[in-house]
Amino acid sequence: MSELLGRESLSAQLANIIEKDIYSGGLPPDSPLASTRELARNFGVSHQVVISALNILEQKDLIVRLPRKGVFVKASSIHPKAREVLFFAFAGQAESHTMLMGVHDLITNPLAQGRYDFSTRIVGSGNIGTSGRLDRELARLEHWGFIDCAIIYTSSFSAGDIRKCARLPYPVIFVGDLPRGDFSDLKFMQLAPENHNTANLVMEYAARGKYDEVVFVFGDKSEIYDYQEVITGRMEYLAAKFGVNFRKIGIQGENLKQTQENFKKTAPGLVKKCHSRTLFVVSEVRLREYSDMEMFKQQDYPNIEFMTLDSFSKNDRITHMRRDYREYQQKLCELIDSTSGGAPEYRKVLVKFATEVVSSTNQG
């Protein structure tokens, strides 16, 4: 009873004591907890306090209640040899993020069955751009359960956010591009797209279609990320090679919602200035109205083809990229397996998606 003194609620204190016993090995996986009555008697608390404490532990994925059998410490995995993998994504409109959807598809892929057990936490609501929200999420993830490694999707993260995530108490694999920063003192791995490939496909498509101009409109995060400079630089080079006029327009905003609002205000004026045959390409705006062809009806703009690099579904009506995730998923599995010895030194792996452009006039 003397252990349960302080400013925290009694149930939170009791949950913390049991949690420490679990992590220290005093209560190993699959072991039973004392009955509710015994716990109440041993700690001098009410039956309701014990129930509330167990609820906390269940929310943290540390225990499992079995009807007519009791409460048990959760086994480290459903499959004895499988690795427990946490997938954490912190991104608005998750369905439009290519790297995120590649991980999502892996979860149900036969390639992963029996090898990994996934726990998923996708945060896409509220003001995800605030540091306080991320801090609260990471505090939760520190005590998620028996995690062997974490896959973290890095959309819109700052260098400081990367550092916070890399301090989680298990190996971390970031998927996607990282912001500018010196991370040489951290231990993590990164799986990133080979961005030249996207630029090549867009400009080759424009050349085959004999377009006079490519207008590339993008959510401008160039102060933080390098990949936009890589893509636009490659497009500019290929435009000169193919004899295609090229314009790039960055749409700024403090967060995704503001970028989308600024795009909706700016895009109509940009489209009006497209007088010759134009391929109008949008990236990192993630606006469903645009991808669904609701903003610009194709029949109203016979000289313009609208394209998105942000796909919401495999059945987008707009011209878009169709990506094959198999190589990406294979490389991700290799990185997961390499964490069995603990957190590795920094390692970056680039993946080139097998990708094709699907035209809005020739889909199927």
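**Exercise 1. Work out how helices α1 and α3 cross in this predicted model, starting from the handedness.**

Start with the hand: α1 and α3 cross in a right-handed way. Next, grab the geometry. Helix α1 covers residues 10–24, helix α3 covers residues 47–59, and their axes sit 8 Å apart at an angle of about 55 degrees. Now classify that angle: it is neither under 35 degrees nor in the 65 to 115 range, so the two helices count as oblique to each other. Last, list who touches whom. On the α1 side you'll find Leu10, Ser11, Ala12, Leu14, Ala15, Ile18 and Glu19, and they meet Val49, Val50, Ser52, Ala53, Ile56 and Leu57 of α3.

**Exercise 2. Find the largest nonpolar core and say which residues have the most contacts inside it.**

Count first: this core holds 47 residues, and Ile152, Val202 and Leu279 have the most contacts within it. Then ask where its residues come from: helix α7 (residues 195–208) gives the largest share, six residues. Zoom in on Val202. Leaving out residues up to four places away in sequence, its partners are Met235, Leu279, Val281, Met307, Leu309 and Met321. Finally, look beyond this core: another one, of 25 residues, lies apart from it and includes Phe118, Ile173, Tyr328 and Leu332.

**Exercise 3. Check the whole structure for disulfides, and decide whether cysteines 165 and 333 are buried or exposed.**

Search for disulfides and you come back with zero. For burial, the cut-off is under 20% relative accessible area. Cys165 has 0% relative accessibility, so it counts as buried. Cys333 also comes out at 0%, so that one is buried too.

Notes. Residues are numbered from 1 along each chain as its sequence is written. This is a predicted model: local features need pLDDT of at least 70, side-chain atom pairs count only at pLDDT 80 or more; totals for chains, interfaces and linings use all residues. Side-chain values use heavy atoms; hydrogens and water are left out. A nonpolar core is a set of buried Ala, Val, Leu, Ile, Met, Phe, Trp, Tyr and Cys residues joined through side-chain atoms within 4.5 Å. Buried means under 20% relative accessible area, exposed over 50%, partly exposed in between (1.4 Å probe, protein chains only). Helices (H or I, at least four residues) and strands (E, at least two) are DSSP runs, numbered from the N terminus. Contact means heavy atoms within 4.5 Å. A disulfide is a pair of cysteine sulfur atoms within 2.5 Å. Axes are lines fitted to C-alpha atoms, for helices over the stretch in contact, and angles run from 0 to 180 degrees between N-to-C directions. A crossing is left-handed if the near helix is turned anticlockwise from the far one by less than a right angle, and right-handed if clockwise.
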